[in-house]
Amino acid sequence: MPSRKRLDLLDPTPFDWDDADLALGLARTYRWGGHSVWPRPLSVAQHSLLVLTLSRQQARHPLDVRQELRELLHDADEGLLGFDPISVIKPFLGPDFKAMTQRLQAAIFLRYGLVSWSDEEKLAHKRADRVAAASEALHVAGWTRDEIRRTLKIPLKPLDEDPLLPLYGGAPWEPWAPEIAADRFLAELAALKQRATA
């Protein structure tokens, strides 16, 4: 890790990384197999901030800080692993890979004081995650709306407006440079942790 810490992927503990390690790992791990219609690929860090923003917007009641942390960190294992497998290959990775990612996620939940989703919370999270995926497919990966429905099997409509634009500026849906994605993810994580301990 950049912090000089060591992470055993097969036996992770909550003390094996710094927040900056995680932010940089997520900023250097790419969605959509690293493919993009933009000059840069889309990072999991930027996706995580999008899902958090959508979850806040779609919640029937304001999320508490632990729920927001869980939304931000829902793909944190991918940042520690440095790998976001596209959905079509996941069935071929097998139960050992799934067990490894579950151990990573358990260490993440323990480090940040998170608890598992309830069934209702999981459904709400999945909706935000799928809306994000549909929107990314259209605006970043170059899929058509019909392909998103028929090929990707996402029944939810992509968003036209980028929810991150009012927060960060820039061009709508443009993938951020890794250092920018890392800084923005780390800032959000630090703010949520501060609220959680206040």
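**Close-ups of an all-helix model**

**View 1. The second largest pocket leans on α6.** When it comes to lining the second largest pocket, α6 chips in the most, with 5 residues. This is a predicted model, and the pocket in question holds about 390 Å³ of space. Its lining comes to 16 residues, and those nearest the centre are Ala 59, Arg 60, Leu 63, Glu 121 and Ala 124. Besides α6, two other elements give two or more residues here: α2 (44–58) and α3 (65–72). Sorted by class, the lining of this second largest pocket splits into 6 charged, 5 polar and 5 nonpolar residues.

**View 2. The largest pocket has α5 as its main contributor.** Here we're looking at about 1400 Å³ of space. A set of 38 residues lines this largest pocket, and closest to the centre you'll find Asp 75, Glu 78, Asp 84, Lys 90 and Lys 126. Three helices, α4 (76–81), α5 (90–111) and α6 (119–139), put in at least two residues apiece. Of the elements, α5 gives the most to the lining, with 11 residues. As for the mix, 17 of the lining residues are nonpolar, 11 are charged and 10 are polar.

**View 3. Two Phe rings meet edge-to-face.** The whole structure has 3 aromatic pairs. One of them joins Phe 83 and Phe 97, with 5.9 Å from centre to centre and 75° between the planes. Phe 83 belongs to the loop between α4 and α5, while Phe 97 sits in helix α5, so to speak a link between distant parts of the chain, 14 residues apart. Is Phe 83 buried, partly exposed or exposed? Its relative accessibility is 31%, so Phe 83 counts as partly exposed, given that this class runs between 20% and 50%.

**View 4. A charge perches over a Trp ring.** Zoom in on Arg 184 and Trp 176: the charged end of Arg 184 sits over the ring of Trp 176, at 4.5 Å from the ring centre.

**View 5. Stepping back, the chain is helices from start to finish.** The secondary structure adds up to 9 helices and 0 strands, which reads along the sequence as α-α-α-α-α-α-α-α-α. The radius of gyration is 16 Å, close to the 16 Å that the globule rule gives for 198 residues, so the chain is as compact as a globular protein of that length. Along the principal axes, the C-alpha atoms fill a box of roughly 45 × 40 × 35 Å. Of the 198 residues, 44% are buried.

Technical notes:
Residues numbered from 1 in each chain as written. Predicted model: local features only at pLDDT ≥ 70, side-chain atom pairs only at ≥ 80, totals over all residues. Heavy atoms only, no water. 1 Å grid on protein atoms, 1.4 Å probe; cavity = no way out; pocket = protein on both sides within 12 Å on 5 of 7 lines; lining within 4 Å. Points joined across faces, edges and corners; volume = space filled by probe spheres on them. Helix = DSSP H or I, 4+ residues; strand = E, 2+ residues; numbered from the N terminus. Nonpolar A, V, L, I, M, F, W, Y, C, P; charged D, E, K, R; others polar. Phe/Tyr/Trp six-rings, centres within 6.5 Å; stacked < 30°, edge-to-face > 60°. Buried < 20%, exposed > 50% of the residue type's maximum accessible area, 1.4 Å probe, protein only. Lys NZ or Arg CZ within 6 Å of the ring centre and 35° of its normal. Rg over C-alpha atoms; globule rule 2.2 N^0.38 Å.
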